[in-house]
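Got the viewer open? Switch to a cartoon view, keep the selection box handy, and let's walk through some strand pairings.

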Amino acid sequence: YVFVTGWTEEAYGAERVPPEEEVRSAEDDFAFLSHIGWVDDSGNVNIVGEVRNISDQTFDTLVVVEATLTDSEGNVVEGSFGAYLDRPVIAPGENSSFWVFIASEDLDVDPNSITDYELILWVTEEPSPDVELSVVDAEAVEEDSAFYIDGTVRNTTELEFVAITVYSTLYDSDGEVINVTSDTYELDVPL
């Protein structure tokens, strides 16, 4: 699955800060479809997955994925770990990917001692800063042992975008998420 978001000059590069204002549980609004976690070769913890909007409401605000990590002795790892759902607007029945990346230096334990995690979703009142663009076509291309997404997007808004982010969700043969990627590109000519 592939989708693309556009960033206006004002939104691009602006720091996304965890909201201090009101948040509420998204337990009744979203369902986790699948997720997987691992420690990469650099000792960073990665948790990727996908959720579905099971409510009758469209969400156009930031939705937080919060991860609680547990070590091999059953202790909760200290720290605040999370990310936002990738899609800027999520209508009823639509899915969104997420990628929680936790750098090894942000952990006070050996990353390889982490044996489990728990995920919780929170809805904020902070509007999403990016805008989803129309994907006209997209295909996966494997070349020289590398995986690429090639395609065309269309800006159907009145906004001008200086950068785009391409998100892809990769699945195994059973439809379970095995990886989520995102790559941001600054555009030479605004879209």
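Start by selecting Ser34 and Glu50: in this predicted model, Glu50 of β4 is the bridge partner of Ser34. Now widen the selection to the strands around that pair. β3 and β4 (residues 45-53) run antiparallel and are joined by nine bridges. If you turn on backbone hydrogen bonds, remember that these are how strands of a sheet pair, whether parallel or antiparallel.

Next, add residues 95-102 to the picture. You now have an open sheet of three strands, ordered β3-β4-β7, with antiparallel pairing. Its edges are β3 (30-39) and β7 (95-102), each of which pairs on one side only. Rotate the view along the sheet and look for the twist, which averages 15 degrees from one strand to the next.

Time to move down the chain. Select 131-143 and 146-154, which are β9 and β10: this is an antiparallel pair with nine bridges. Pick out Val135 and you'll find Val153 of β10 standing opposite. Then zoom in on the turn. The β9-β10 hairpin has two residues between its strands, and Asp144 takes a positive phi near 50 degrees there.

Last stop: select 163-171 for β11 and 177-186 for β12. Nine bridges join these two strands, and they run antiparallel. Click on Ser168, whose bridge partner in β12 is Thr181. How many residues sit between β11 and β12 in their hairpin? Five, and if you check the backbone torsions in that turn, Gly175 has a positive phi of about 85 degrees.

Conventions. Residues numbered from 1 in each chain as written. Predicted model: local features only at pLDDT ≥ 70, side-chain atom pairs only at ≥ 80, totals over all residues. Heavy atoms only, no water. Pairing = 2+ DSSP bridges. Helix = DSSP H or I, 4+ residues; strand = E, 2+ residues; numbered from the N terminus. Axes fitted to C-alpha atoms, helices over the stretch in contact; angles between N-to-C directions.
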